[in-house]
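User: I'd like a close look at one charged spot in this model, and then how the rest of the fold is put together. Please spell out your cut-offs as you go.
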Amino acid sequence: MTSLPLTFVTISPKAKHTATVIFAHGLGDNGLDFSNNKEIRTLASQLPHIKWVFPSAPERTITAWKGDPRRQNISKAWLDYLREPLIYSLEYEGIDEYVEGIMQSVELLGAFIQSEIDSGIPEERIVLGGFSQGGAISLITGLGGSQWRNASDTKDGWKLGGVICLSGWLPIREKLHLSSHSSTIPVFWGHGVQDEVVTWQLSSESANFIGDKVGVRYGQYTKIGELGVSFMSYGVAHWMAESEMEDLRLFLKKVLPLEE
């Protein structure tokens with residue numbers, strides 16, 4: 001079994017383990033604290049055949065926080081924030097340290113996917129997701145091709161059961177190489193219309209970009225769990241709405257159904 005490079009927490013399945021969700025936290029959080037959120041615990045209890053894995057991101061310097069006396073500029077993070085408010089800029093893709101940090105996190109999450117495969121869970125019974133920048137890195141890991149993993153790995157991406165992005169965005173566009181499987185992977189994308197950390201506009205533009213690049217249906221009229229990007233809006237700020245968790249439950253029931 002693959003040795004895991006990060007600390008992590010699991011929520012064990014209450015029934016026979018036939019599927020796994022790997023979920024990445026947001027900036028400054030950690031796997032333990034995120035796994036203890038009431039919304040996550042309630043969702044896990046409703047899907048007893050699924051094991052949940054919550055890795056903790058490595059610590060890194062947050063460029064946008066340098067010189068801010070209110071915050072420490074080193075935090076658990078999947079990628080750097082170069083400036084605030086958060087935006088997408090093609091300029092960022094020319095900064096080697098920024099792109100290399102993203103690639104490092106892709107490899108780290110990839111190790112968790114491989115560990116589940118080694119334990120006997122098929123790729124199509126694994127869903128990768130995350131909140132905020134955890135969702136951002138899950139999009140690239142789950143939909144990206146071999147260019148976003150170790151150079152010696154020639155496999156063209158993971159053929160996962162699904163990808164989840166909650167309150168996230170796509171930090172890389174022009175350099176994003178999607179796998180040949182990406183058009184067959186359902187994506188659940190939820191975002192709060194009152195979000196001021198990752199704006200709804202930034203998230204919507206990101207989802208639209210992926211839909212266009214993959215050539216799949218995109219938007220709120222894409223049925224949850226069907227092929228394409230289901231982009232759903234909720235009346236909350238930078239957090240998870242109760243109705244969003246219900247939609248996510250329906251998504252997971254669809255893409256990771258209970259096996260007899």
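Is D68 buried or exposed, and what is its relative accessible area?

Analyst: D68 is buried, with a relative accessible area of 13% (buried is under 20%, exposed over 50%, partly exposed in between, with a 1.4 Å probe and protein chains only). Bear in mind that this is a predicted model, where local features need pLDDT of at least 70, side-chain atom pairs count only at pLDDT 80 or more, and totals for chains, interfaces and linings use all residues. Residues are numbered from 1 along each chain as its sequence is written, and side-chain values use heavy atoms, leaving out hydrogens and water.

Buried or not, D68 has charged partners. It forms a salt bridge with R70, whose closest N and O atoms are 2.9 Å apart (the test is a side-chain nitrogen of Lys or Arg within 4 Å of a carboxyl oxygen of Asp or Glu). A salt bridge also joins D68 to R71, here with the closest N and O atoms 3.4 Å apart. The two arginines sit in unlike settings: R70 is exposed, at 70% relative accessible area, while R71 is partly exposed, at 30%. Add E84, and D68, R70, R71 and E84 are linked in a network of salt bridges.

The structure holds eight salt bridges, one of them between E246 and R249, where the closest N and O atoms are 2.6 Å apart. Both residues lie in helix α6 (residues 242–255), three residues apart, about one turn of the helix. (Helices, H or I of at least four residues, and strands, E of at least two, are DSSP runs numbered from the N terminus.) E246 is partly exposed, with 32% relative accessibility, but R249 is buried, at 17%.

Now for the nonpolar side. The largest nonpolar core has 48 residues, and W78, Y98, I102, L139, W169, W189 and I210 touch the most other members (a core is a set of buried Ala, Val, Leu, Ile, Met, Phe, Trp, Tyr and Cys residues joined through side-chain atoms within 4.5 Å). Elements supplying at least two residues each include β2 (19–24), α3 (96–118), α4 (133–143) and β8 (187–192). The largest share, eight residues, comes from α3. Apart from this core lies another, of 28 residues, with I11, A19, L166 and L248 among them.

W169 shows how the main core is knitted: leaving out residues up to four places away in sequence, it touches partners including L79, L86, L139, W189 and L202 (contact means heavy atoms within 4.5 Å).

Finally, the helix pair. α3 and α4 pack at about 70 degrees with their axes 9 Å apart (axes are lines fitted to C-alpha atoms over the stretch in contact, and angles run from 0 to 180 degrees between N-to-C directions). That makes α3 roughly perpendicular to α4, a label covering 65 to 115 degrees. On the α3 side the contact is made by I102, S105, V106, L109, G110 and I113, and on the α4 side by I137, S138, I140 and T141.

Conventions: Parallel < 35°, antiparallel > 145°, perpendicular 65-115°, else oblique.
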